[in-house]
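I open this notebook to record what I looked up in the structure shown below. The entries follow the order in which I consulted it.

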Amino acid sequence: MEDKKDTKVAGYLPSPKSNQNSPTSSEYREETAAEIAAPVSLTRPTFQERSKDSSGAGTDTKAGTGMGWAALALSILSLFVMPILFGAAGIVLGFVARRRGAESLGAWAIGIGAISIIVGIFILPFF
């Protein structure tokens with residue numbers, strides 16, 4: 001025998017099969033559950049924090065400095081030859097160098113590469 005509440009709900013819901021008069025309330029009950037997972041950290045450790053944990057902390061700054069010099073060289077080269085290609089490569093390597101710890105070299109490479117691209121697109125076509 002059905003509750004009054006179940007009968008009232010069943011009256012508002014359409015029948016899943018058209019040849020039956022009224023569905024039973026058990027056809028419309030759903031099972032819901034909350035999944036339990038380990039909490040996810042919203043902050044990632046910075047590069048410096050990760051490099052402190054590793055044994056070769058000195059090699060990380062050398063890699064960033066080398067990447068910074070390469071980015072700066074590409075950006076300066078882009079002022080004279082193929083500004084779009086070398087400027088974009090200098091900007092990308094500049095971001096990588098900044099991420100690896102060479103903040104000033106990466107910033108200079110990004111700035112010079114951006115200036116080179118702007119000059120290459122807007123000023124050089126008139127000469």
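Which side chains meet in a salt bridge? I find that those of E103 and R98 do, with a distance of 3.5 Å from N to O. I note that the model is a predicted one, and that the structure holds one salt bridge. I then checked how far each partner is covered. E103 counts as partly exposed because its relative accessibility is 40%. R98 is likewise partly exposed, since its relative accessible area is 33%, and the class requires a value between 20% and 50%.

Entry on the overall fold. I counted five helices and zero strands in the protein chain. Read from the N terminus, the elements run α-α-α-α-α. I recorded 127 residues in the chain, of which 24% are buried. The accessible surface comes to about 9,900 Å², and carbon and sulfur atoms account for 64% of that area. I also looked up the contacts between residues at least 6 apart in sequence: 51% of them join residues at least 24 apart.

Entry on helix α5. I located this helix at residues 103–122, a run of 20 residues. From first C-alpha to last, α5 reaches 29 Å, which is close to the 28 Å expected at 1.5 Å a residue. Which residues of α5 are buried? I list L105, G106, A109, I110, I112, G113, S116, I117 and G120.

Entry on S75. I placed S75 in helix α3. Is S75 buried or exposed? I enter it as buried, because its relative accessibility is 0%. Its side chain reaches the backbone oxygen of A109 at 2.8 Å. Leaving aside neighbours within four places in sequence, I find S75 in contact with G90, I91, A109, I112 and G113. Of these partners, I had already met A109, I112 and G113 among the buried residues of α5.

Entry on S78. I found S78 in the loop between α3 and α4. At 1% relative accessibility S78 is to be classed as buried, because the limit for that class is under 20%. Which residues does S78 touch, not counting those up to four places away in sequence? I record P83, F86, G87 and S116. S116 also appears in my list of buried residues in α5.

Entry on M82. I looked up the place of M82 and found it in the loop between α3 (57–77) and α4 (83–99). M82 counts as partly exposed because its relative accessibility is 46%. What is phi of M82 near? I note a value near 40 degrees, positive in a residue other than glycine. Most residues other than glycine have a negative phi. I have therefore marked the backbone here for a second look, given that general tendency.

Entry on the nonpolar surface. Which residues make the nonpolar surface patch of about 780 Å²? I list I76, L77, L79, F80, V81, M82, L85 and I115. M82 thus enters my notes both for its positive phi and as one of the residues of this patch. I close the entry by setting beside the patch the two serines recorded above: S75 is buried at 0% relative accessibility, and S78 is buried at 1%.

How values were computed
Residues numbered from 1 in each chain as written. Predicted model: local features only at pLDDT ≥ 70, side-chain atom pairs only at ≥ 80, totals over all residues. Heavy atoms only, no water. Patch = residues over 30% accessible without salt bridge, like charges linked within 9 Å, V, L, I, M, F, W, Y side chains within 5 Å. Areas by Shrake-Rupley, 256 points an atom, 1.4 Å probe, with all protein chains shown as cover. Salt bridge = Lys/Arg side-chain N within 4 Å of Asp/Glu carboxyl O. Helix = DSSP H or I, 4+ residues; strand = E, 2+ residues; numbered from the N terminus. Buried < 20%, exposed > 50% of the residue type's maximum accessible area, 1.4 Å probe, protein only. Polar contact = N/O pair within 3.5 Å; in protein donor to acceptor, adjacent residues only side chain to side chain. Contact = heavy atoms within 4.5 Å. Expected span 1.5 Å × (residues − 1).
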